[in-house]
Amino acid sequence: WPFFAPLIFQINRLKKEKDAVILAHNYQTPQIYHGVADVVGDSLQLAIEATRVDQSVIVQCGVHFMAETSKLLNPEKTVLIPDSRAGCSLSESIIAEDVLAMRERYPGVPVVTYVNTSAAVKAVTDVCCTSSNALDIVEAVAGDSVIMIPDQYLAQNTAKKTNKKIITWAGACEVHETFTAGDIAELRHAYPAASIIAHPECPPEVIEAVDFAGSTAAMIDWVKSTRPARVVMVTECSMSDNVASEATGVDFLRGCNICPHMKRINLENVLWSLHTMSEEVTIPAPIAAPARAAVERMIEMSR
Ligand code: 13P
Ligand code: SF4
C-alpha cells in the first residue's frame with residue numbers, strides 16, 4: 001500500500017479536477033476497488049449507478065463491454081476506459097450476424113442477451129440480463145421459449161430454475177469454464193468445514209456441488225451476511241482480496257482464477273486515462289439507440 005499511495009493520491013486529486021467519477025467492477029484489484037473507486041459493484045449495480053452519476057466524465061475500471069454500457073446510458077458524458085484492450089471471452093464469442101441468424105432460425109422467440117456482449121450484439125437483442133437478474137428476465141419475457149446468449153453455462157444454470165425452453169449459444173467465460181466438479185470435490189476434501197460459493201458462469205456440475213451461487217455482488221453479500229469461518233470463492237481472485245477487509249474473521253481460502261482482461265486496468269493507466277482523457281468510448285448512433293433500449297428494458301424489468 002505505501003507503494004500505491006502516491007498514485008492513489010494523484011488519481012483522487014485529478015478526479016475532482018476533471019469532474020470524473022470512477023466506476024469499478026468487483027474483479028478490480030484492491031488498490032482500485034478500495035483506493036480510488038467511487039462506486040463498486042456487479043454488472044447490474046454498475047449499469048444502474050451509471051444512470052445516477054452527476055459528474056461529466058466516467059472512468060470505467062472494468063472491461064470494455066462495461067464501459068460501453070455506461071456510454072449507452074450516458075450518451076452526453078465522456079466515458080473513458082484506461083485500456084480498451086480489456087475484452088471478455090463471452091463478448092468475443094458472438095457477433096450481431098450470429099444473433100440475426102438465430103432469430104431467423106427461431107422466428108418470434110425473444111432474445112435475452114447477457115450484458116457481457118458488444119453494443120452491436122445488444123442492438124439486435126430484445127432485452128439484456130446480468131447474472132443477478134437472468135431468471136427474472138427469462139420469466140418476464142413473453143412465450144415458452146427464450147434464446148439466451150452467449151453464455152451456455154449461465155443459460156444452462158438458468159434453465160434448471162424455469163419451465164421455459166432455453167435455446168443456448170456456445171460462448172463461455174474463460175475464467176469460470178475451467179472449474180470442474182472434481183475441483184470442488186478436492187476443495188471439500190482439503191477443507192471439509194469450509195463453505196464453497198461460485199459464480200453462475202461456472203458449468204452446472206460446479207454450481208450443483210457448491211453451497212451458494214450468485215452474481216459477484218450476491219457472493220459478497222452472502223459472505224458478509226453468513227460470515228462463514230472459512231470460505232472459498234470460486235471465481236476471479238480479486239473478489240476474496242476485496243471482501244476480506246470488509247469481512248474480518250472470515251478465512252478466505254484460494255480456489256480462484258485471474259481474469260487477464262480485468263487485470264489490464266491498473267493504477268498507472270487509470271492515472272494516465274484521467275491525465276490525457278483517453279481512451280474515449282464511442283458507439284455509432286444507429287447501434288447505440290437499439291442497444292440502449294435493450295439495456296434500459298433490463299433496468300426497468302429489474303426494479
Ligand atoms: P457480475 O455481473 O456477477 O459482476 O459478473 C460479471 C462478470 O464478468 C463475471 O465474470
Ligand atoms: Fe469476461 Fe469472464 Fe473476465 Fe468476466 S471473468 S470479464 S466473463 S472473461
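**Close-up of Ala194, a partly exposed residue.** Ala194 counts as partly exposed, because 19 C-beta neighbours lie inside 10 Å; a residue is buried if 20 or more other C-beta atoms lie within 10 Å of its own, exposed if 12 or fewer, and partly exposed in between, with C-beta atoms placed from the backbone. The model is predicted, so local features need pLDDT of at least 70 and side-chain atom pairs count only at pLDDT 80 or more, whereas totals for chains, interfaces and linings use all residues. Residues are numbered from 1 along each chain as its sequence is written, while chains are lettered from A and ligands numbered from 1 in the order in which they are written. Ala194 belongs to the loop between α10 (181-190) and β9 (195-198); helices (H or I, at least four residues) and strands (E, at least two) are DSSP runs numbered from the N terminus. Although 37 residues separate Ala194 and Val231 in sequence, their C-alpha atoms are 5.2 Å apart. Beyond residues up to four places away in sequence, Ala194 touches Arg230, Val231, Val232 and Leu253, contact meaning that the C-beta atoms, placed from the backbone, lie within 7 Å.

**Close-up of Ile22 in strand β1.** Ile22 is buried, because 26 other C-beta atoms lie within 10 Å. Its C-alpha atom is separated by 6.1 Å from that of Gln60, 38 residues away along the chain. Not counting residues up to four places away in sequence, the contacts of Ile22 are Lys15, Val36, Ala37, Asp38, Val59 and Cys61.

**Close-up of helix α4, residues 64-73.** Helix α4 is largely enclosed by the rest of the structure, because 10 of its 10 residues are buried. Among them are Phe65, Met66, Leu72 and Leu73, together with the charged side chains of Glu68 and Lys71.

**Close-up of the largest nonpolar core around Val210.** A nonpolar core is a set of buried Ala, Val, Leu, Ile, Met, Phe, Trp, Tyr and Cys residues joined through C-beta atoms within 7 Å. The largest has 94 residues, of which Val112, Ile197, Val210 and Val234 touch the most other members. Leaving aside neighbours within four places in sequence, Val210 is in contact with Ile184, Ile196, Ile197, Ala198 and Val234.

**Close-up of the residues around ligand 1 and ligand 2.** A residue is counted near a molecule if its C-beta atom, placed from the backbone, lies within 6 Å of it. Around ligand 1 are Asn26, Asp42, Ser43, Asn116, Thr130, Ser131, Cys173, His199, Glu201, Ser215 and Thr216. This shell divides into 1 nonpolar, 8 polar and 2 charged residues; Ala, Val, Leu, Ile, Met, Phe, Trp, Tyr, Cys and Pro count as nonpolar, Asp, Glu, Lys and Arg as charged, and the others, Gly among them, as polar. Ligand 2 is surrounded by 13 residues, the closest being Cys88, Ser89, Cys173, Val175 and Cys259. The shell of ligand 2 has 7 nonpolar, 3 polar and 3 charged residues.

**Close-up of the contact between domain 2 and domain 3.** The protein is divided into domain 1 (5-87 + 263-276), domain 2 (90-173 + 285-302) and domain 3 (181-258), with bounds taken from an automatic or database domain assignment. The C-alpha centres of domain 2 and domain 3 lie 27 Å apart. Each of these two domains gives 10 residues to the contact. On the side of domain 2, these comprise 3 nonpolar, 5 polar and 2 charged residues.

**Close-up of backbone features in four loops.** Most residues other than glycine have a negative phi, and most peptide bonds are trans. The bond from Ile149 to Pro150 is cis, with omega near -5°, and Pro150 is placed in the loop between β7 (145-149) and α9 (152-159). A further cis bond, with omega of about -5°, joins Ser278 and Glu279; Glu279 is in the loop between α14 (267-276) and α15 (285-302). Asp19, which is not a glycine, has a positive phi of about 55°. This residue occupies the loop between α1 (5-17) and β1 (20-25) and is exposed, with 12 other C-beta atoms within 10 Å. Arg227 also has a positive phi, near 45°. It lies in the loop between α12 (216-226) and β11 (230-234) and counts as partly exposed, with 13 C-beta neighbours inside 10 Å.
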